[in-house]
Amino acid sequence: MICLGIESTAHSFSIGIVDDSGRVLASIIDMYRPPHGWGIHPAEAAKHHEEVKDAVLEKALEEAKIKLEDIDLISFSQGPGLAPCLYKGLNFAQELAEKIKKPLLGVNHCISHIEIGRLKTDLKDPITLYVSGANTQVLGFISGKYRCFGETQDIGIGNALDKFGRGVGLDFPAGPKIEQMARSGKYLELPYVVKGMDLSFSGILTAALQKFEKGTSKEDICFSLQETCFAMLTEVTERALAHTGKNEVLLTGGVAANKRLQDMLHIMCKERGAKFAVVPKEFAGDCGAMIAWLGLLMHKAGIKTKNEVLPRQRTDEVGIGWL
Ligand code: AMP
Ligand code: MG
């Protein structure tokens, strides 16, 4: 069985084609990049998705060496995400499903990050640290649902890094550039904000930008921003491990590419005797392949969904019939 998955929650429009053995036959990602000095404008990102969708489909079918008619199932990102972007994915998925008369399934974006991570690593039942532009969540499977043990109370860690980057003249996405600049920085104190199991990044961002305005070196702030935010993420992940008794940590999302974050989690896991794995870069960011894989898992479990978008859907609202 072959599933075509469409991802369109935010900046990326992506189509992945995956078979039921977990083989990724195609993964094409076309990312909207805002003009210099700007963040993602939902309507502009949606316009981008509309413009590139046919070309992305064509490339994906070409890469998979199949025709649209060979697809058995279509899935799309139902939420959480930016409504105008989600509608582009839903509409295109509906159009394709009607054309080839195949079933259509809406899947949860965050859970698809976990499931492609389990597919692409040897972890079975991890605590997942999902760190992307918009999302920052510590997730784990307990009593039939993926539960969120801790999350950001304001902006995602990726968004905090990008906003800092914008404030100091770095292009979007700023994460990789901050990582590079941090290598030659030294530590300065910034607010450390863990509230129970939740996190907050907006105050740290303000403090970091104020330091920049006062003339502190960009390198020092980049280093301190990473040390502070990543220590917070590691702390909450460790406490989720302790609370649940699990012994695996999966790191995913665009920010998972960061070596310093990987190192901190690796050290924490080693000290606790837990396994640690990072989702391979091509599947850690938003991609259609993760949507296709979750579509297959849900379809096999007999799950059906409505053709609707759910911009604020939460992970623990989703019934997990496949585990
Ligand atoms: P996503 O939303 O999952 O596609 O991830 C995009 C986010 O990942 C953006 O906020 C980027 O700045 C961030 N990102 C990408 N590479 C890195 C890196 N090496 N270090 C930190 N953040 C990164
Ligand atoms: Mg994502």
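How far does a polar side-chain atom of Glu179 lie from a nitrogen atom of ligand 1? The distance is 2.8 Å. This is a predicted model. The views below begin at the ligand and then move through the two sheets and the loops.

**View 1. Polar atoms of the protein meet ligand 1.**
Glu179 places a polar side-chain atom 2.8 Å from a nitrogen atom of ligand 1. Asp162 also uses its side chain: one of its polar atoms is 2.6 Å from an oxygen atom of the ligand. Gly158 contributes through its backbone, with an N or O atom 3.2 Å from a ligand oxygen.

**View 2. A shell of 18 residues lies around ligand 1.**
Gly133, Asp162, Glu179, Gly254 and Asn258 come nearest. By type, the shell holds six nonpolar, nine polar and three charged residues. On its own, ligand 1 has 510 Å² of accessible area, and the protein covers 90% of that. Helices α4 (157-167) and α5 (175-182) are the elements that give two or more residues to the shell.

**View 3. Strands β8-β7-β6-β11-β12 make an open sheet.**
This sheet has five strands, and their pairing is mixed. β8 (145-151) and β12 (275-278) are the edge strands, each pairing on one side only. From one strand to the next, the twist averages 25 degrees. Look at β6 (residues 127-131) and β7 (residues 136-142): they run antiparallel and are joined by four bridges. Which residue of β7 is the bridge partner of Thr128? The partner is Leu139.

**View 4. Helices α7 and α8 pack against this sheet.**
Helix α7 spans residues 218-244 and lies across β6, β7, β8 and β11 (248-252). It runs at about 155 degrees to β6. Helix α8 (residues 259-272) touches β6, β11 and β12. The direction of α8 makes about 165 degrees with that of β12.

**View 5. Another open sheet runs in the order β3-β2-β1-β4-β5.**
Here too there are five strands with mixed pairing. Why do β3 (24-31) and β5 (104-108) each have a side without a neighbour in the sheet? They stand at the edges with a single partner strand each, so one side of each is left open in this way. The twist averages 20 degrees from strand to strand. Strand β2 (residues 12-19) pairs with β3 in the antiparallel sense, over seven bridges. Within this pair, Phe13 stands opposite Asp30 of β3.

**View 6. Helices α1 and α3 pack on the sheet of View 5.**
α1 touches β1 (2-7), β2 and β3. Its direction makes about 155 degrees with that of β3. Helix α3 (residues 109-120) touches β1, β3, β4 and β5. Between the directions of α3 and β5 the angle is about 90 degrees.

**View 7. Two loops hold a proline after a cis peptide bond.**
The bond from Gly79 to Pro80 is cis, and its omega is near -5 degrees. Pro80 sits in the loop between β4 (73-79) and α2 (83-100). Phe172 and Pro173 are also joined by a cis peptide bond, with omega about -5 degrees. Pro173 belongs to the loop between α4 and α5.

**View 8. Lys65 has a positive phi.**
The value is near 55 degrees, in a residue other than glycine. Lys65 is found in the loop that links α1 (42-64) and β4.

Notes:
Residues numbered from 1 in each chain as written. Chains lettered and ligands numbered in written order. Predicted model: local features only at pLDDT ≥ 70, side-chain atom pairs only at ≥ 80, totals over all residues. Heavy atoms only, no water. Pairing = 2+ DSSP bridges. Axes fitted to C-alpha atoms, helices over the stretch in contact; angles between N-to-C directions. Contact = heavy atoms within 4.5 Å. Near = heavy atom within 4 Å. Polar contact = N/O pair within 3.5 Å; in protein donor to acceptor, adjacent residues only side chain to side chain. Areas by Shrake-Rupley, 256 points an atom, 1.4 Å probe, with all protein chains shown as cover. Nonpolar A, V, L, I, M, F, W, Y, C, P; charged D, E, K, R; others polar.
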